[in-house]
Amino acid sequence: KEIEECGVKPSPYEMNVNPGAYARLILDAIQGNQASFVRSDELISSWKIFSHVLKEIEECGVKPSPYEM
């Protein structure tokens, strides 16, 4: 109650609201929280690494090992 009186709006997290995963992600984006997002340079570096791995898997016909769930 005190928070509302001083003009500061509490976040949904403080109001005991449990938004779904996508709603939380969108809320983070709107509020400028970038912790859940990948920077473009990180994404490019990841593809540089994994594109070689994926190419090798495809060319060598590597089959994934099955496992029980």
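**A three-helix chain with little buried**

Of the 69 residues in the chain, just 6% count as buried. The model is a predicted one, and its surface adds up to about 6800 Å² of exposed area, with carbon and sulfur atoms supplying 59% of that. Three helices and zero strands turn up in the chain, so the order along the sequence is simply α-α-α, given that helices and strands are read as DSSP runs numbered from the N terminus.

Confidence varies along the chain. The average pLDDT is 81, and 72% of the residues score at least 70. Helix α1 (residues 2-5) sits at the bottom with a mean of 52, while α3 comes out highest at 92. Where pLDDT is low, the predicted coordinates should not be read in detail. The rest of this account therefore deals mostly with α3, the helix with the highest confidence on the predictor's 0 to 100 scale.

Helix α3 takes in residues 40-60. With 21 residues, α3 reaches 30 Å from its first C-alpha to its last, close to the 30 Å expected at 1.5 Å a residue. There is still a bend in α3, of about 25°, and it falls at Phe 50. After α3 comes Gly 61, with a positive phi near 65°.

Phe 50 also shows up in a nonpolar patch on the surface, together with Val 38, Leu 43, Trp 47, Ile 49, Val 53, Leu 54, Ile 57 and Val 62. Between them, these side chains account for about 880 Å² of accessible area. One of the patch members, Ile 49, lies in α3. Ile 49 has a relative accessible area of 53%, and because anything over 50% is classed as exposed, Ile 49 counts as exposed.

As for charged contacts, side chains of opposite charge can pair when their charged atoms come close. The count here comes to two salt bridges. In one, the side chains of Asp 41 and Arg 39 meet at 2.9 Å, N to O. Asp 41 has a relative accessibility of 39%, which lies between the 20% and 50% cut-offs, so Asp 41 counts as partly exposed.

The other pairing joins Glu 59 to Lys 55, with the closest N and O atoms 3.9 Å apart. That distance still makes a salt bridge because the cut-off is within 4 Å. Both Glu 59 and Lys 55 belong to helix α3, and they are four residues apart, about one turn of the helix. Glu 59 is exposed, its relative accessible area being 56%.

How values were computed. Residues numbered from 1 in each chain as written. Predicted model: local features only at pLDDT ≥ 70, side-chain atom pairs only at ≥ 80, totals over all residues. Heavy atoms only, no water. Patch = residues over 30% accessible without salt bridge, like charges linked within 9 Å, V, L, I, M, F, W, Y side chains within 5 Å. Areas by Shrake-Rupley, 256 points an atom, 1.4 Å probe, with all protein chains shown as cover. Helix = DSSP H or I, 4+ residues; strand = E, 2+ residues; numbered from the N terminus. Buried < 20%, exposed > 50% of the residue type's maximum accessible area, 1.4 Å probe, protein only. Expected span 1.5 Å × (residues − 1). Bend = angle between axes of the 7 residues up to and from the residue.
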